[in-house]
Amino acid sequence: MDTIKTVVYDILKNAIHAAIAAGELSIAEVPDIPFSPTKTPEHGDIATPIALGLAKQARMAPRNIAEKIVARIDLDSHPAISKIDIAGAGFINIHFSDEWLYDTLRTIAATQSVYGTCDKGAGKHLQVEFVSANPTGPLNIVSGRAAAVGDTLVNLLNAIGYKAIREYYVNDAGGQVEKLGESIDVRYRQALGEEDLEIPEGGYQGEYLQEFAQTIVEAEGDTYLQLGTDERVSHFRDTGIAHILAQQKTALERFGVNFDVWSSEKAIRDSGKPEETLELFREKEYLYEAEGATWFRMTDFGDDKDCVVIRSNGEYTYFVPDTAYHRDKFDRGFTTVIDLLGPDHQGHITRLKNFVKALGMPDDWLEMSIIQQVNLVNAEGERLDMSKRRGQFFTLDLLIDELAEAVGEQFAVDVARYFFLMRANNSHLDFNMELAITHASENPVFYIQYAHARCCSIFEQGNEQGIAPKPIDEVSLKRLTEPIEYELIRKLADFPSVVLLSAEAREAHRIPHYLHELAGIFHPYYNQHRVLDTSDMEKTDARLILVQSVQTVLKNGLTLLGISAPTSM
RNA sequence: GCGCCUAUAGCUCAAUUGGAUAGAGCAACGGACUUCUAAUCCGUAGGUUGCAGGUUCGAUUCCUGCUAGGCGUGCCA
């Protein structure tokens, strides 16, 4: 299958060179030959616009070039190709023989759960860091989107042969968590009856801290009042981080996302790496003192402003431990590191990349992209505010709770993951709760899952009638003669390249779209053509092979997305 | 002010990275269950790809300038 592409590639390349050698084409350099799947079967199975691309260099009409190339191909010596023709402005359309279709089915049957994977990325270690929410509150919906996207991205990368891991960076040091400690302290004292206390500026207002403080009071009473304020706040900070982190982990596990590594900012700070990093910058003369602070010459890297790294109060800004953390990632030997950031971190991308560049790491070592915001929309189309600081937000857990009420726990996770994954990372996502709940039956994820369930149902039905699928070698695949069967197999054959391109582009949303298209061919097929037909067992056997293949690809695709493939619905 | 992202059917989004007639779902309208699950299918309708230029065989895609929206631009993280 994919091998047939390389075969075709070589055939065309040789033909072009032969034409040049014969003096029919004057081309100095033969560019890479692009292929694309065709939109309609009339255009063959794959097509290339190479003749169009060569037109200028060869000073010849594209159709003429195509003719010269095609004339140099001896079809008889290539049984995999049934026909090559020239169409439109000069497209070369390649039609595969039926044997290619059968090979697709044989490959799926032979490879099963690993169909779609490849080893292109073998030997390379990748790390994807995502979610990395502050341990100051429950995960919100944007974190849910990041979790779904990051998790799937790692699945995709591993599917094409990389060794990729999931990492979560816990910001358990710095100003934010100090505010957390102070906020819990206020809630604690309020729970013990103190009045006239306010959550400090920049603190956390959410009810979850009131609940947490209440559990402390219930378990341990007022014992902490004996401590000094600083001591108490730092105690609450530490227990608060642990408590919230545990909640976040639980929410992620419920969502089917399990991180391989949890990194701690505090651990980075304690390791001395921030100092080492600053020392490296100092040696390279990237630092200077001004206005009581220490600055990094970001302008040397094309930015319009320099950037404070040590504040006048002596504390590091966020960038110091973060840069040290990335240096740590580099030392751990990752070939490439991918950071998925929240929508309010755009300013980070260029700056952190510059810091990393200043450390001497290759430009393309660090990839950063933004997971855009999610707007939760209610029935009236109003947007809910999800700011953590104002304590008014919609958590990932709450989202799944609400969905689960309508469709059950497993489907709730499936639906949420699918919705988060179906859009490109950099486009905003309107998550319409009402639609997801009240119109659950029209949800695209059910459409795909239903297709899978239907496949399973056919086998179950066959089982009752004593019809079992035969090994593919014993089946006459020639009995697959319907155009829609041809279309289905073509679609199945696309799967590996969809996975590959999706992983390489870091665009997980292509998988949901692909699966939806596949289901969109299978459902009509199911309606129009009966699979189990005791009057024609040979045809039945062939169709069972096809259904098995569809089932396998649907399941493999859904698994990449972390979505279940139910056997019945 | 500067920077990043976005603008495609009434709505939400695709378009294999510059290719052939721009595709799906929802919403609308008309049909199909005594046959492997109707969470399905068949059909109809829906477009000056925000606007104006440019690059070339060819532009939703690349460049320039506008317009509109989102975000960023802290000695917060």
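**Group meeting talk: a protein chain with an RNA strand**

Hi everyone, let me start with one contact: the side chains of Glu 504 and Lys 120 form a salt bridge, 2.8 Å from N to O. Glu 504 sits in helix H17 (residues 483-505), while Lys 120 is in the loop between helix H4 (98-111) and strand E5 (125-129), so this pair ties together parts that are 384 residues apart in sequence. And please keep in mind throughout that this is a predicted model.

How accessible are the two partners? Glu 504 counts as partly exposed, at 34% relative accessibility. Lys 120 is exposed, with a relative accessible area of 53%. As a general reminder, side chains of opposite charge can pair when their charged atoms come close.

That bridge is one of 34 salt bridges in the structure. Let me show you two that stay within a single helix. In helix H9 (residues 265-270), Lys 266 and Asp 270 are four residues apart, about one turn of the helix. Their side chains meet in a salt bridge at 3.3 Å, N to O. Here Lys 266 counts as partly exposed, at 38% relative accessibility, and Asp 270 is exposed, at 58%.

Helix H10 (residues 273-283) holds the other example, with Arg 282 and Glu 279 three residues apart, again about one turn of the helix. The closest N and O atoms of this salt bridge are 3.7 Å apart. Arg 282 is partly exposed at 39% relative accessibility, and Glu 279 is partly exposed too, at 38%. There is also a network: Glu 167, Lys 273, Asp 328 and Arg 332 are joined by salt bridges that share partners.

Two members of that network, Lys 273 and Asp 328, come up again if we look at Ile 268. Ile 268 is also in helix H9. Is Ile 268 buried or exposed? With 7% relative accessibility, Ile 268 counts as buried; the cut-off for buried is under 20%. Leaving out residues up to four places away in sequence, Ile 268 touches Lys 273, Pro 274, Pro 321, Ala 324, Tyr 325 and Asp 328. For a sense of distance, the C-alpha atoms of Ile 268 and Glu 220 are separated by 32 Å, with their positions 48 residues apart along the chain.

Now to Thr 323, in helix H11 (residues 319-331). Thr 323 is buried, with a relative accessible area of 0%. Its contacts, with the same sequence neighbours left out, are Thr 277, Phe 281, Leu 352, Phe 355 and Leu 359.

On to the nonpolar cores. Which residues touch the most other members of the largest core? Among its 131 residues, those are Val 131, Phe 255, Leu 399, Phe 420 and Phe 431. Domain 1 (2-96) and domain 3 (443-561) both give residues to this core, so it lies between them. Apart from this core there is another one, of 27 residues, including Leu 287, Phe 319, Phe 334 and Val 337.

Phe 420 deserves its own slide. Not counting residues up to four places away in sequence, Phe 420 touches Ile 141, Gly 144, Arg 145, Ala 148, Val 149, Phe 255, Val 374, Leu 396, Leu 399, Leu 429 and Phe 431. Phe 255, Leu 399 and Phe 431 on that list are also among the residues I just named for the largest core.

A quick word on domains. The assignment for chain A gives domain 1 (2-96), domain 2 (175-254) and domain 3 (443-561). The C-alpha centres of domain 2 and domain 3 lie 53 Å apart.

Last topic: RNA strand B. There are 65 residues around RNA strand B, and those that come nearest are Arg 311, Tyr 447, Tyr 450, Ser 457 and Arg 510. Which elements supply at least two residues each of the surface near RNA strand B? They are helix H2 (50-58), strand E4 (91-96), helix H12 (346-358), helix H16 (444-464), H17 and helix H18 (510-528). H17, you will recall, is the helix that holds Glu 504 from my opening salt bridge.

On the RNA side, 60% of the strand B atoms within 4 Å of the protein belong to sugar or phosphate, and the rest to bases. Here are three polar contacts, by atom type:

- Leu 52 has a backbone N or O atom 3.4 Å from a base nitrogen of RNA strand B.
- Gly 347 has a backbone N or O atom 3.3 Å from a sugar or linking oxygen of RNA strand B.
- Arg 423 has a polar side-chain atom 2.8 Å from a sugar or linking oxygen of RNA strand B.

Thanks for listening!

Terms used
Residues are numbered from 1 along each chain as its sequence is written. Chains are lettered from A and ligands numbered from 1 in the order in which they are written. This is a predicted model: local features need pLDDT of at least 70, side-chain atom pairs count only at pLDDT 80 or more; totals for chains, interfaces and linings use all residues. Side-chain values use heavy atoms; hydrogens and water are left out. A nonpolar core is a set of buried Ala, Val, Leu, Ile, Met, Phe, Trp, Tyr and Cys residues joined through side-chain atoms within 4.5 Å. Buried means under 20% relative accessible area, exposed over 50%, partly exposed in between (1.4 Å probe, protein chains only). Domain bounds come from an automatic or database domain assignment. Contact means heavy atoms within 4.5 Å. A salt bridge is a side-chain nitrogen of Lys or Arg within 4 Å of a carboxyl oxygen of Asp or Glu. A residue is near a molecule or strand if one of its heavy atoms lies within 4 Å of it. A polar contact is a pair of N or O atoms within 3.5 Å; within protein, one must be able to donate a hydrogen and the other to accept it, and residues adjacent in sequence count only if both atoms are side-chain atoms.
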